[in-house]
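Open the model in your viewer and keep the sequence panel at hand. The stops below go from one strand to its hairpin, then to a pair of helices, and end with the whole chain.

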Amino acid sequence: MKTVMIAGVVSSGLMMANTQHAKAEASASDSQVSLKKDTSLYDTQKIKKIKTKSAKKYFGKESLYEKKTAKVKKTTYKLVQSKSGKKSGWMKSSDLYVVKRKITTKSTYQLSPRINDSSDLDSRQLTQLSDSQIKSRIRAKFVNFVQGQRKKTDNGSWISSRGLDKVAQERANYVDPTMGEASHYTTRDGKRHRQEAAILDGQRMKIVKKQNDIYESNGYATLDKNYYRISDYVKYFNEMITDDGASGDSHKAQLLGNEGDGLRYYGIGLRVIRTNVTVQVNIVILSADTKYK
């Protein structure tokens, strides 16, 4: 299984425009972005020549703005420019998150003490929702999507497993999806194992007995807390099925039941991580042919 790396930046279209670097200062209509981690910077949208291996050192403490978007071999890249317009380069959108979006009017919503209707929850700003509300709505909408996709196969419906839910939540409470492949083999104590960590956790919790009965997918989305809604996270997680080429369709095969004997039983764990600017949601999905209780 491979980790799905879901960008915290919404694509503004497949703009395959010319590669000239803009020299004008960033305008108010540009989206301000920030680096999630240090990464390479490319010279042009063809993504062939590395401009620098350290975008952090190159840009320093300057404010950064998203100028253009391009897609190369199913990977989305952004042209990022400093506020002064003197520095720019292309980098993966998954290495960025939005700091300030193109918002023309300031929201006048106040946090309501009672928000219960699910459709109302979906339209609310993230700052107006509790962690449990965010997790419950993402789970419901994601499960509904997968159920609909499985109906197109002969692998049967997706059935919730109480035991797998417990193990998936235990994993979500500590797993770091940004570690990629290693995250599937790393337990809470930071040790890396040959056996999948989800199976080891399940055995420790006295839920899982079989040694090779569980498949795991995990991912994350980091989005601006003032701009995005529940549906934006679900859209990214749905790409485990709709746009999974980067992982060789391994997530898609798991979720649709094209592995094992249909992998009809599932468990989902979610974690919400808030900062002053963003809300990150981590998701762990476990699948098995056994309905663990």
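**Stop 1: strand β7**

This is a predicted model. Select residues 88–92, which form strand β7: 4 of its 5 residues are buried, so the strand is largely enclosed by the rest of the structure.

**Stop 2: the hairpin**

Add residues 75–82, strand β6, to the selection. Strands β6 and β7 pair in the antiparallel sense, with 5 bridges between them. To see one of the bridges, pick Gln81 and Ser88: Ser88 in β7 is the bridge partner of Gln81. Next, show the 5 residues between the two strands of this hairpin. There, Gly85 takes a positive phi near 85°.

**Stop 3: helices α3 and α6**

Hide the strands and select residues 131–150 (helix α3) together with residues 230–242 (helix α6). The two axes come within 9 Å and cross at roughly 35°, and the crossing is right-handed. Show side chains for the contact: α3 supplies Ile134, Arg137, Ile138, Lys141, Phe142, Phe145, Val146 and Gln149, while α6 supplies Ile230, Tyr233, Val234, Phe237, Asn238, Ile241 and Thr242. Coloured by class, the residues of this contact split into 10 nonpolar, 3 polar and 2 charged.

**Stop 4: the whole chain**

Select everything. How many helices and strands does the chain have? The secondary structure comes to 7 helices and 12 strands. Of the 293 residues, 49% are buried. With a surface shown, the chain exposes about 14,900 Å², and carbon and sulfur atoms supply 46% of that area. Among contacts between residues at least 6 apart in sequence, 67% join residues at least 24 apart.

Definitions and conventions: Residues are numbered from 1 along each chain as its sequence is written. This is a predicted model: local features need pLDDT of at least 70, side-chain atom pairs count only at pLDDT 80 or more; totals for chains, interfaces and linings use all residues. Side-chain values use heavy atoms; hydrogens and water are left out. Buried means under 20% relative accessible area, exposed over 50%, partly exposed in between (1.4 Å probe, protein chains only). Two strands pair if DSSP finds at least two bridges between them. Contact means heavy atoms within 4.5 Å. Accessible areas come from the Shrake-Rupley method with a 1.4 Å probe; for residues, only the protein chains shown count as cover. Axes are lines fitted to C-alpha atoms, for helices over the stretch in contact, and angles run from 0 to 180 degrees between N-to-C directions. A crossing is left-handed if the near helix is turned anticlockwise from the far one by less than a right angle, and right-handed if clockwise. Ala, Val, Leu, Ile, Met, Phe, Trp, Tyr, Cys and Pro count as nonpolar, Asp, Glu, Lys and Arg as charged, and the others, Gly among them, as polar.
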